[in-house]
Amino acid sequence: MKSLVLQLGVLLVSCIFPATSKVASCKFPAIFNFGDSNSDTGGLAAAFDTVKPPYGETFFQTPAGRYSDGRLIIDFIADSYGLPLLSPYLDSLSINFSHGANFATAASTLVDQNSSLFQGGYSPFFLQVQTRQFSQFVSRSQIVAKRGDFFRSLMPKEDYFNESLYTIDIGQNDLTAGLFPGKSLEEFLPQTLAEFADGVRASYEKGARYFWVHKTGPLGCLAYALLRRNLSNAGELDPAGCSAFYNNASRRYNEGLNETVGVLRKELPHAVITYVDVFAAKYALFLEPAKYGFEDPLMVCCGYGGGKYNFDYDVRCGNTAKRNGGTVLLGKSCRRPSEKVVWDGTHYTEAANKVVFKLISTGDFSYPHRSFNAACKKSGRKMVLSGDV
């Protein structure tokens with residue numbers, strides 16, 4: 001009798017509190033992305049200038065608007081949900097936005113830097129501009145959809161704006177814009193974090209509920225920062241051979257970002273915000289490269305000049321020169337990009353992006369601990385649907 005009662009009790013509990021493994025995975029119908037070159041799938045190239053070979057050589061076999069030899073983390077995220085790769089919002093020749101849109105552009109910042117892109121400055125599409133574009137997209141896409149079946153097939157459904165995943169990967173350029181000229185973090189960090197918060201609020205007001213926010217990566221492990229450290233003798237190298245000064249600055253920015261996300265969680269009750277430690281995932285590739293199938297992690301794959309980092313500020317990946325009446329490619333790709341972490345001194349190879357994606361997709365690098373399949377759920381609760389508190 002006791003055994004029967006116990007079995008009935010277990011059955012009752014399992015009905016009221018089903019096993020976590022049986023809870024449905026999140027099925028996002030679309031993704032909307034905001035960011036810089038780490039997630040730009042062709043926005044800057046469509047607006048200003050095409051990306052040149054050998055960019056894109058590994059996966060696309062041709063430049064595809066991405067600042068890598070292949071796919072980016074955002075591409076792997078989309079693929080993991082069974083969605084097509086995101087079309088850049090600014091590209092008028094790839095206008096299928098039924099599965100989302102990408103507002104990221106290379107050289108973008110959180111704070112308007114008020115400097116010309118063509119004079120070594122930053123993208124005019126800083127985060128506030130990106131969220132304004134999104135705001136217009138929400139209303140205008142539905143106007144376009146009403147024109148008929150063909151147009152409707154290219155636009156997201158109205159409900160998607162509440163049900164989609166919103167990814168944010170930006171901040172690296174704000175650090176370089178502040179630190180490279182010699183500013184202290186105290187001079188620009190508060191405004192930078194305020195702009196991030198405003199960007200989340202703006203998208204939330206237009207229906208965004210599920211956010212996947214990336215920390216900025218280890219700036220001090222990239223050749224364009226390492227070379228600047230050498231020129232200015234700015235601090236020591238850390239155990240991975242990276243600039244301790246620039247990596248500590250990245251960590252401080254991330255600490256502030258974490259605090260800002262905490263405030264937003266309280267302020268926006270319907271939001272589910274996952275904070276992802278991309279810094280730790282990327283840094284692991286530099287600290288233990290062999291573990292992940294890489295070698296010489298600080299050496300640039302597509303660069304020029306050889307030396308310790310194979311990087312030259314004046315000759316970048318894809319740059320050419322006139323020699324003997326012809327055109328010669330100076331910034332060449334290495335023989336085995338799949339064994340390199342850094343692609344062009346500023347960005348990562350497809351191989352590195354793929355490993356980082358695998359690391360963060362498990363939830364082991366997320367706060368709260370939440371995998372991609374649970375990005376629509378609040379910690380310790382059932383799946384949160386649009387409108388749930």
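Select helix H4 (127–145): H4 lies across strands S1, S2 and S3 and runs at about 155 degrees to S1. The angle is taken between N-to-C directions on a scale from 0 to 180 degrees, with axes fitted to C-alpha atoms, for helices over the stretch in contact (heavy atoms within 4.5 Å). Helices (H or I, at least four residues) and strands (E, at least two) are DSSP runs, numbered from the N terminus.

This is a predicted model, in which local features need pLDDT of at least 70 and side-chain atom pairs count only at pLDDT 80 or more, while totals for chains, interfaces and linings use all residues. Residues are numbered from 1 along each chain as its sequence is written, and side-chain values use heavy atoms, without hydrogens and water.

Next, display the sheet beneath the cursor of this tour: six strands form an open, mixed sheet in the order S2-S1-S3-S4-S5-S8. S2 (100–102) and S8 (366–367) are its edges; each has a single partner strand, so one side of each lacks a neighbour in the sheet. Strands pair if DSSP finds at least two bridges between them. S1 and S2 run parallel and are joined by three bridges; select phenylalanine 32 and its bridge partner in S2, alanine 101.

Now move to helix H8 (residues 185–205), whose end C-alpha atoms are 30 Å apart. This agrees with the expected span, because 21 residues at 1.5 Å a residue (times one less than the number of residues) should give 30 Å. Among its buried residues (under 20% relative accessible area, 1.4 Å probe, protein chains only) are Leu185, Phe188 and Tyr204. The buried residues of H8 pack against several elements, including H4 and S1. Finally, select glycine 207, which follows H8 and has a positive phi near 115 degrees.

Conventions. Buried < 20%, exposed > 50% of the residue type's maximum accessible area, 1.4 Å probe, protein only.
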